[in-house]
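Trainee: I am new to this structure and would like a close look at a single part of it. Please begin with the whole and then narrow down.

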Amino acid sequence: MIGSTSIGNTTSFQKKTRSKLVSIPGTRPSVQNGQLLVSSGVSSLDYVIGGGLAVGTLLLVEEDRYDSYSRMLLKYFLAEGVVCGHELFLASARDHPDDIMQELPSPIVDDVAGMKISEGQSQPSDPENPDTMKIAWRYQNQPKVQTALASSVRFGHYYDVSKTMEPELRQAAKCHSFYQLQETPVVTASSPLPSPYHSLLKSIQTVIRKEGFDGSTPQSKVRNVLRLGLHSLGSVLWGDDVCCKDNPAHCHALTTFLYILRGLLRTSLSVAMVTVPSHLTQNRAVMGRIIRLSDTAIALESFKGSEKETNPLYKDYHGLLHVRQLPRLNCLSCEVPDTKDLAFKLKRKQFTIETVSP
C-alpha cells in the first residue's frame, strides 16, 4: 500500500513549494492536518469529509443505481475547477467528455447571505411585517431545526443545477479529455491492467508531467491544481468484468489501477474524483479493497424506485449518503462526522446534504 511514506512525500513536496501553493486560487490549508484543500463543489459535502478534498488524494463515489446524483457530484467537482481556474482532466467510456462538460451547472453570483439561504436556512421574513422586527436579527433567519451541513468559514462556490454554465466561462478552462471509445487499443502483454486502464494511466501521467503538476515547472511559473474526473470506472465499457461475474478475470484490475493512480496523485498537485457502479459489483470483497485503496469514499443511495421513496421519514429527501471512509493524512485517526444519518436532496435547484431528522 502507499501509506504513511507516500503521505510524508506529499508533505515534503508541498513544503518545498509552500510559497507557490499559497497563491493557488480555490485552495486553503486544512486546520486539522495542514494539507492543502480544494472544494468538491458542494459545501455540505466538504463539511462531511473534513473541510474539503486534500490535494494529492482520491475521492471514491459509489454511484446511485441510475447514476443521476453521482454524475451530478462529478459535474459539481468539475464546475468548481472551472470557476477556480484549475486545469481539468475528464475521462469517460460512456458519454463523451465534451458532452459532460456542456452540462456543468451555472455558478450563482450572489451575496453571502443569499448563498447561506440556499444552503438550507429559511427565507428572510417580510420586512414590511412589523412582527418580524421583534426577533433579534441573528436568529431571524434560523430554522427551527438546523439540518443543513455547512462550515462557519465559506469555502467553494454555489451552483444552480437548473442552468448550464456559460460557454465563455467553460471554454476558458483548460480541459484534457479521455474518451475510451475513441482510443486505440494498446497491446500490454506484461501489464496486469486491461488496455483501457493502461491507456488512461499513461494519459494521466503524460498530462501531469508535461503540464508540470509533478513539480517540474520552473519556480517562476504560477502553480495550479489538476482536477481528475474519472467516470464510472469498473463498468464493462472499460474492459472490466468486475461488475459481471462473481469471480472476474480482472478482479485486480481496478485495484491495481487505483494503487498506481494514488502514487501519481501523491507526488503531484492533483486531486481525483472517481465514480464506480458498486451496485453492479458481484464480489463484495473486491469492492472492499477498492474502498480501502481510496482516501475518501462515499456512497449514494437514491430512493428512486425503492420502498424508501414512500417512507414518510424520507419524504423531504431524494436519497441517503453513506460515508464509507475518511482520510487519515498526517495523523493516526480521521475526523469523525457528528452523525452518520445523512441524506441528500435537490433544494432550490441545488444539491445539499443534511442530517436526517424526524
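Trainee: What percentage of the residues in the protein is buried? And, for the close look, where is T255 found?

Mentor: This is a predicted model. Of the 358 residues in the protein, 52% are buried. The protein has eleven helices and 14 strands. Taking contacts between residues at least 6 apart in sequence, 74% join residues at least 24 apart. The accessible surface comes to about 17100 Å², and carbon and sulfur atoms account for 52% of that surface.

One of the helices, α4, covers residues 69–84. With 16 residues at 1.5 Å a residue, helix α4 should span 22 Å, and its end C-alpha atoms are 23 Å apart, which agrees. Of those 16 residues, 15 are buried, so α4 is largely enclosed by the rest of the structure. Just after α4 comes G85, which has a positive phi of about 85 degrees.

Now to T255, which is found in helix α10, residues 253–266. The relative accessibility of T255 is 8%; buried means under 20%, so T255 counts as buried. A polar atom of the T255 side chain lies 3.0 Å from the backbone oxygen of H252. Leaving aside residues up to four places away in sequence, T255 touches V286, R289, I290 and L293. To sum up the close look, T255 is a buried residue of helix α10, with its side chain reaching a polar atom to within 3.0 Å of the H252 backbone oxygen.

Notes: Residues numbered from 1 in each chain as written. Predicted model: local features only at pLDDT ≥ 70, side-chain atom pairs only at ≥ 80, totals over all residues. Heavy atoms only, no water. Helix = DSSP H or I, 4+ residues; strand = E, 2+ residues; numbered from the N terminus. Buried < 20%, exposed > 50% of the residue type's maximum accessible area, 1.4 Å probe, protein only. Contact = heavy atoms within 4.5 Å. Areas by Shrake-Rupley, 256 points an atom, 1.4 Å probe, with all protein chains shown as cover. Expected span 1.5 Å × (residues − 1). Polar contact = N/O pair within 3.5 Å; in protein donor to acceptor, adjacent residues only side chain to side chain.
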